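I sat down with this one to look up two things: aromatic rings and pockets. Here are my notes, in the order I made them.

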Amino acid sequence: MKYMIIIYGNQELWESFSPEEWKRTVAEQDAFNLKYKESGELLGAYGTGDVQQARTVRVRDGVAAVTDGPYLETKEHLASWCMIEVPDERRALEIAAEIPHASLRAVEVWPIMHEASWNRP
């Protein structure tokens, strides 16, 4: 079963790290990614741009309207995500709990119920 692990954060959190802490945080995340890539459970890991770089697209009457940023009522935003493939939810939750600094950020685990048809055998 595939699961998407979503990691939330915010600019205030990132700016609270000293340069040394940031370097350590990146190294810890890289080690996490490598560990689960080598186990075959991590299918991909992706970091997003800053919230100021995000755009929202809404189509009304066939016309796309593009606006700056996500307009969520929250102080946190999608910071990165990864896709894993594991036997069950228990294993997905175990892996999510190992995300470096999970105690500082919200982490969600979502089951992937289907894929685009071109991804299926």
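**Aromatic rings**

I began with phenylalanine 17, which is buried at a relative accessible area of 15% (buried is under 20%, exposed over 50%, partly exposed in between, with a 1.4 Å probe and protein chains only). Tryptophan 22, at 39%, comes out as partly exposed.

A note on the source: this is a predicted model, where local features need pLDDT of at least 70 and side-chain atom pairs pLDDT 80 or more, while totals for chains, interfaces and linings use all residues. Residues are numbered from 1 along each chain as its sequence is written, and side-chain values use heavy atoms, without hydrogens and water.

Next I looked up aromatic pairs and found four (ring centres of Phe, Tyr or Trp, the last by its six-membered ring, within 6.5 Å; planes under 30 degrees apart are stacked, over 60 edge-to-face, the rest tilted). The rings of phenylalanine 17 and tryptophan 22 have centres 5.9 Å apart and planes at 35°, so I wrote this pair down as tilted. Trp14 joins Phe17 and Trp22 in one aromatic cluster.

**Largest pocket**

Which residues are closest to the centre of the largest pocket? I noted Gln29, Gly47, Ala79, Ser80 and Arg105, out of 20 that line the pocket. α2 (19-38), β2 (42-47) and β5 (77-85) each give two or more residues to this lining, and α2 has the largest share with six.

Notes:
1 Å grid on protein atoms, 1.4 Å probe; cavity = no way out; pocket = protein on both sides within 12 Å on 5 of 7 lines; lining within 4 Å. Helix = DSSP H or I, 4+ residues; strand = E, 2+ residues; numbered from the N terminus.
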